[in-house]
Amino acid sequence: MAELQDFQVVAVKKLKFRPELNLNMTRNEIESLKLLNHENVVQLLDFYSSPNLTFLVYEYISGGSLNEALHGHSNFMLNWKTRFEICLGIAKGLMYLNSKSVVHDNIKSSDILLTETLVPKISNQFMLSGCKDSEHVQKNDTVEKKDVYSYGILLLEIVSGKEVTQYQENDNSVFLLDKALDLHAKEKLADLVDGRLPNYDEQQASSILNLAIICTNLLPSLRPAMHEIVMVLEAEKTIDQI
């Protein structure tokens, strides 16, 4: 965090040096990312670049991360309405990024920052996935479906309130996706909903959890596109229609 001369508070991130990219390539990529402007995406304001060092300057988001909100040790807990709005906001942000040929590649709850009013904003470094011409479209769609997969994992985490990977005393790991797939096979997917919630919308929960299952399909071609996910969450389509 830093404060500019006009007293604007910003977040500053040091970009890891990548020797395979020359300075002009890095600048061109960052200039493209500066043009991104969406309610659910952290705004890249500016950057400083030298041959061996690059700093990115972002808008400062004061509410902390989604990971902290879900798994922090305070008594604060996200209610169902807020969780649903966060799921929708993240989907809209990813849909916007993909429409600009930008992918996140591995979105996690720690990459989602929350404003004071709990509006989700996608942070961390993005990648340009390339031009959307006929030669690149198949490759880029596959790359963007990686965002869909990680979004599906994120949905499970938000609805369940559980860590993606839970470590046990015997050094074994329990993966949230494995548990979800097991419950889905037993037609008990609703059991994954966070038991701490005093109430929740069963229809919304069912839609989100079933979306998570199809988003994490091992075959990228069978995963929905982000715009289809948004349509389901906004009740414009059913899961069977995508």
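# Notebook: contacts, strands and salt bridges

**Entry on Thr216.** I began with the contacts of Thr216 and, leaving aside its neighbours within four places in sequence, I found Tyr149, Gly152, Ile153 and Leu177 in contact with Thr216. I note here that this is a predicted model, and I read every entry below with that in mind. I then looked up where Thr216 sits, and its place is in the loop between helix H6 (202-215) and H7. Thr216 has a relative accessible area of 7%, and because buried means under 20%, I wrote Thr216 down as buried.

**Entry on helix H7.** From that loop I moved on to H7, and I asked how many of its 8 residues are buried. I found that 6 of the 8 residues of H7 are buried, so H7 is largely enclosed by the rest of the structure. I listed the buried residues of H7 as Met226, Glu228, Ile229, Val230, Val232 and Leu233. As general background I added that an α-helix has 3.6 residues a turn, so residues three or four places apart point the same way. Past the end of the helix I checked the backbone, and just after H7 I found Ala235 with a positive phi of about 65 degrees.

**Entry on the strands.** I next looked up how strand S4 (residues 53-59) is paired, beginning with strand S2 (residues 9-15), which runs antiparallel to S4 and is joined to it by 6 bridges. Within this pairing I found Ala11 opposite Tyr58 in S4. Strand S3 (residues 44-50) also runs antiparallel to S4, and 6 bridges join these two strands. Here I noted Ser49, which stands opposite Thr54 in S4. I followed the chain from S3 to S4 and found that a hairpin joins them through 2 residues. I kept in mind the general point that in a regular strand the side chains alternate between the two faces of the sheet.

**Entry on salt bridges.** I searched the whole structure for salt bridges and the count came to 8. Which residue forms a salt bridge with Lys121? The partner is Glu59, with the closest N and O atoms 3.6 Å apart. This pair links distant parts of the chain, since Lys121 lies in strand S7 (residues 120-122) and Glu59 in strand S4, 62 residues apart. I compared each accessibility with the cut-off for burial: Lys121, at 12% relative accessibility, counts as buried, whereas Glu59 is partly exposed, with a relative accessible area of 22%.

I then turned to Lys92, which forms a salt bridge with Glu234, the closest N and O atoms being 3.1 Å apart. This pair too links distant parts of the chain, with Lys92 in helix H3 (residues 80-99) and Glu234 in the segment after helix H7 (226-233), 142 residues apart. I recorded Lys92 as partly exposed at 27% relative accessibility, and Glu234 as partly exposed with a relative accessible area of 32%.

**Entry on a network.** I looked last at Arg196 and Asp194, whose side chains meet in a salt bridge at 2.7 Å, N to O. Is Asp194 buried or exposed? Asp194 is buried, with a relative accessible area of 5%, while Arg196 is partly exposed, with a relative accessible area of 48%. I followed the links further and found that Arg83, Asp194 and Arg196 are linked in a network of salt bridges.

Note on methods: Residues are numbered from 1 along each chain as its sequence is written. This is a predicted model: local features need pLDDT of at least 70, side-chain atom pairs count only at pLDDT 80 or more; totals for chains, interfaces and linings use all residues. Side-chain values use heavy atoms; hydrogens and water are left out. Two strands pair if DSSP finds at least two bridges between them. Helices (H or I, at least four residues) and strands (E, at least two) are DSSP runs, numbered from the N terminus. A salt bridge is a side-chain nitrogen of Lys or Arg within 4 Å of a carboxyl oxygen of Asp or Glu. Buried means under 20% relative accessible area, exposed over 50%, partly exposed in between (1.4 Å probe, protein chains only). Contact means heavy atoms within 4.5 Å.
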